[in-house]
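Here are my notes on the model you sent, set out as numbered points. Please read them with the structure open beside you.

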Amino acid sequence: MKEHSSNASPAKSLLEEIENFRAAGHATLDAIRTDFDARLDTIKALVADLEAAGEIPPKKLRDVRDMLVILSHPRMKPEKGRLRDIKKMESISEDLEMMVEGWN
C-alpha cells in the first residue's frame, strides 16, 4: 500500500499556484507595458506630425515645453523595480496624453 504524506498534496498544489501567480503577474506586466508603449507611440506620432507641419502654434508650443519639463525629471529609480515608479510612469504618460488630446 502506498503511503501518503499529509503535506505532499498541499505543497504540490501550492507550487502550482505559485507558478500560476507568476504567469498572471507576467501577463499583467506585459499588458501594462503594451499600454504604456501604445500611449507613448501615439504621443510621439502627434509630436512628429506637429514638427513636420513647420511652425508650432503658441498653445501647442506651451504644451511641448510643459511636456519637456515633465519628462526631464521623472525621479525614478528603475534599478530598484519599485511599484511607485510604475505608478509614476502611468501618471506621467497620462499627463502627456491629456496634453495632446486637443491637438487633432
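1. How much accessible surface does the protein chain have, and what share of it belongs to carbon and sulfur atoms? The accessible surface comes to about 8700 Å², and carbon and sulfur atoms account for 58% of that area. Please keep in mind throughout that this is a predicted model.

2. On the overall architecture, the protein chain contains 3 helices and 0 strands, and the order along the sequence is α-α-α. The radius of gyration is 23 Å, whereas the globule rule gives 13 Å for 104 residues, so the chain is more spread out than a compact globule. The C-alpha trace, taken along its principal axes, spans about 85 × 25 × 20 Å.

3. On burial and contacts, 13% of the 104 residues in the protein chain are buried. Among the contacts with a separation of 6 or more, 67% are between residues 24 or more positions apart.

4. On charge, the protein chain carries 17 positive and 20 negative charges, and the mean positions of these two sets lie 6 Å apart.

5. Which residues form the largest nonpolar core? This core has 10 residues, namely Ile43, Leu46, Leu50, Val64, Met67, Ile92, Leu96, Met99, Val100 and Trp103. At least two core residues come from each of helix 1 (8-52), helix 2 and helix 3, and helix 3 provides the largest share, with 4 residues.

6. Met99, one of the core residues, deserves a closer look in the viewer. Met99 is located in helix 3 and counts as buried, because its relative accessible area is 18% and the cut-off for burial is under 20%. Once neighbours within four places in sequence are set aside, Met99 is in contact with Asp63, Asp66, Met67 and Ile70. For the pair Met99 and Met67, which are 32 residues apart along the chain, the C-alpha atoms are separated by 8.0 Å.

7. Is Asp63 buried or exposed? Asp63, which has its place in helix 2, is buried, with a relative accessible area of 9%. Apart from residues up to four places away in sequence, Asp63 touches Met99 and Trp103, and both of these partners belong to the largest nonpolar core.

8. Asp85 is another acidic residue that I would ask you to inspect. Asp85 sits in helix 3 and is buried, its relative accessible area being 6%. With residues up to four places away in sequence left out, the residues that Asp85 touches are Arg75, Met76, Lys77 and Pro78.

9. Where is Arg75 found, and what is its phi? Arg75 is in the loop between helix 2 (58-72) and helix 3 (83-100), and its phi is positive, about 55°, although Arg75 is not a glycine. Arg75 is exposed, because its relative accessible area of 71% is over the 50% cut-off, and yet Arg75 is also one of the residues touched by the buried Asp85.

Methods. Residues are numbered from 1 along each chain as its sequence is written. This is a predicted model: local features need pLDDT of at least 70, side-chain atom pairs count only at pLDDT 80 or more; totals for chains, interfaces and linings use all residues. Side-chain values use heavy atoms; hydrogens and water are left out. The radius of gyration is taken over C-alpha atoms; the globule rule is 2.2 Å times the number of residues to the power 0.38. Buried means under 20% relative accessible area, exposed over 50%, partly exposed in between (1.4 Å probe, protein chains only). Contact means heavy atoms within 4.5 Å. Accessible areas come from the Shrake-Rupley method with a 1.4 Å probe; for residues, only the protein chains shown count as cover. Lys and Arg count as positive and Asp and Glu as negative; His and the chain ends are not counted. The place of a charge is taken as NZ of Lys, CZ of Arg, CG of Asp or CD of Glu. A nonpolar core is a set of buried Ala, Val, Leu, Ile, Met, Phe, Trp, Tyr and Cys residues joined through side-chain atoms within 4.5 Å.
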